[in-house]
Amino acid sequence: MKQDRPATELGEFLLATRLRRGMTQSRLAVRSGVSERTIRDLELGKVERPRKQTLLLLARALHMSPSDHLRLQSGGAVPATASQLPPGAASQLVGRDRVVSGLVELLTTGEQRWVSLVGIAGVGKSRVAAEVARALHDAVPDPVWWVDPGASPAPLPGTVADLVLGGVGPRLGELAALVGDTPAYLVVDDRVPARVADASLAELLSRCPRLRLLTTARVPSARPEAHTVSLRPLAARGDGPDSPATRLLVTRLRAQGQDRSFLVNDLRELCEALDGVPAALVAAATWFPLYPLPRLVEAARRDPFQLTTPAGPATRRVTGDLRAAVTTTIDGLRGTDLAVLTALAGTGRSTRDVAKDRGIPEQAVAAVLHRLLQAGLIRPTGVPGEFRALNLVRSLLIPRRVPHPRR
């Protein structure tokens, strides 16, 4: 039996937009006043000249942006080389202004054509990359292409995102021919690790001499073309009573209607116990209506992952499974890297301390520390030359059974 498939660009665009909004044809019919049969025929390409009023009703029901509405009216066509940007942000980006502006400057004026944004899971790489893509779009006349392998539904056929993701693999020949010598920016948020191979991206850069690339990853790339920029967790302490981590936490609490006053020191303690990792702070904020802040601080000190599973399913979709993600990164370490990280699971230690304890040459330990710092798995202790693993990492390296906090 032959399966119905969209036959026109308009049909493909309407179908993709409806699925992105999570609507069935029948629900869209109810919301728009357009019959379900008409919607089905439009998506299947059976309507040659749709009425403008019909398209207007559908655009309103689907809450289309002005640009998408214009695209719908023009038959769904979109140039493959037009900018393709990430969805609008649902909340303000806290504490990352300098990072965003620095990345934009590096990509537009720096010598490096490939910048790799690296950091531990939950640190906000995807959010920063999306902000950079939007900032680039406003700052340069060249096209900016956003590619998210974890997005749903699939990208529109023929677009840059579709060519990068491909079916079995990237269609590099088609993409290189499309880009050619055109100056452009490609932002690949690889939240599905290794979905887009580094070797494929390096080949694309070699074939497109004016293309610049920003990628996100949990560990540094082995490719020499990739210039690593480490995204660190938010600082939990500032010069005054404010800090990026506490500011993010308070912002999330206010968004939930939590207008109570909290002791600044307690907020700082919680932020430090959670390493200032944004996803962990967002998840922790959902527990405030259930437990007093001192009890949450105590629980986070024992096992920070007690608070990284949000109390509500809506937030859970945003933060993901942080424990599983960090565990995957640690499981990917081998040999010396894992040995050095394990040595830093206790108190702060210097390069010389670790080398002596593990019987590893000091120069090799220094190289490992550099990689672990880039991946965001360790941090300086404040004592010159000393480092320790993040609390999130330590809790996985030193397993302990801790009961959930009780009222």
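Buried means under 20% relative accessible area, exposed means over 50%, and partly exposed lies in between (1.4 Å probe, protein chains only). The model is predicted: local features need pLDDT of at least 70 and side-chain atom pairs count only at pLDDT 80 or more, while totals for chains, interfaces and linings use all residues. Residues are numbered from 1 along each chain as its sequence is written, and side-chain values use heavy atoms, with hydrogens and water left out.

**Exercise 1. The whole protein**

Task: State what share of the 407 residues counts as buried, and how many helices and strands the protein has.

Solution. Step 1: of the 407 residues, 44% count as buried. Step 2: there are 20 helices and eight strands; helices (H or I, at least four residues) and strands (E, at least two) are DSSP runs, numbered from the N terminus. Step 3: a contact means heavy atoms within 4.5 Å. Among contacts between residues at least 6 apart in sequence, 72% join residues at least 24 apart.

**Exercise 2. T17**

Task: Locate T17, decide whether T17 is buried or exposed, and list its contacts beyond its neighbours within four places in sequence.

Solution. Step 1: helix α1, residues 9-20, holds T17. Step 2: T17 counts as buried because its relative accessibility is 2%. Step 3: with neighbours within four places in sequence left aside, T17 is in contact with L62 and M64.

**Exercise 3. A sheet of three strands**

Task: Give the strand order of the open sheet that contains β6, β7 and β8, and name its edge strands.

Solution. Step 1: two strands pair if DSSP finds at least two bridges between them. Step 2: the order is β6-β8-β7, and the pairing is antiparallel. Step 3: β6 (349-350) and β7 (378-380) are the edge strands, as each pairs on one side only. Step 4: β7 and β8 (residues 386-389) run antiparallel and are joined by three bridges. Within β8, A389 is the bridge partner of I378.

**Exercise 4. Two helices that meet**

Task: Describe how α11 and α13 approach each other and which residues meet.

Solution. Step 1: the axes of α11 (residues 244-255) and α13 (residues 278-285) come within 9 Å and cross at roughly 35°. Axes are lines fitted to C-alpha atoms, for helices over the stretch in contact, and angles run from 0 to 180 degrees between N-to-C directions. Step 2: from α11, the residues A245, L248, L249, R252 and L253 meet P278, L281, V282 and A285 of α13. Step 3: the residues of this contact divide into eight nonpolar, no polar and one charged. Here Ala, Val, Leu, Ile, Met, Phe, Trp, Tyr, Cys and Pro count as nonpolar, Asp, Glu, Lys and Arg as charged, and the others, Gly among them, as polar.

**Exercise 5. Three loop residues**

Task: Place H63, D275 and D303 in their loops, and state whether H63 is buried or exposed.

Solution. Step 1: H63 sits in the loop between α4 (52-61) and α5 (66-73). H63 counts as exposed because its relative accessibility is 54%. Its phi is positive, about 55°, although H63 is not a glycine. Step 2: D275 belongs to the loop between α12 (264-273) and α13. D275 has a phi near 65°, a positive value in a residue other than glycine. At 4% relative accessibility, D275 counts as buried. Step 3: D303 lies in the loop between α14 (293-302) and α15 (313-319). D303 counts as buried, at 10% relative accessibility. C-alpha to C-alpha, D303 and A273 are 8.8 Å apart in space and 30 residues apart in sequence.
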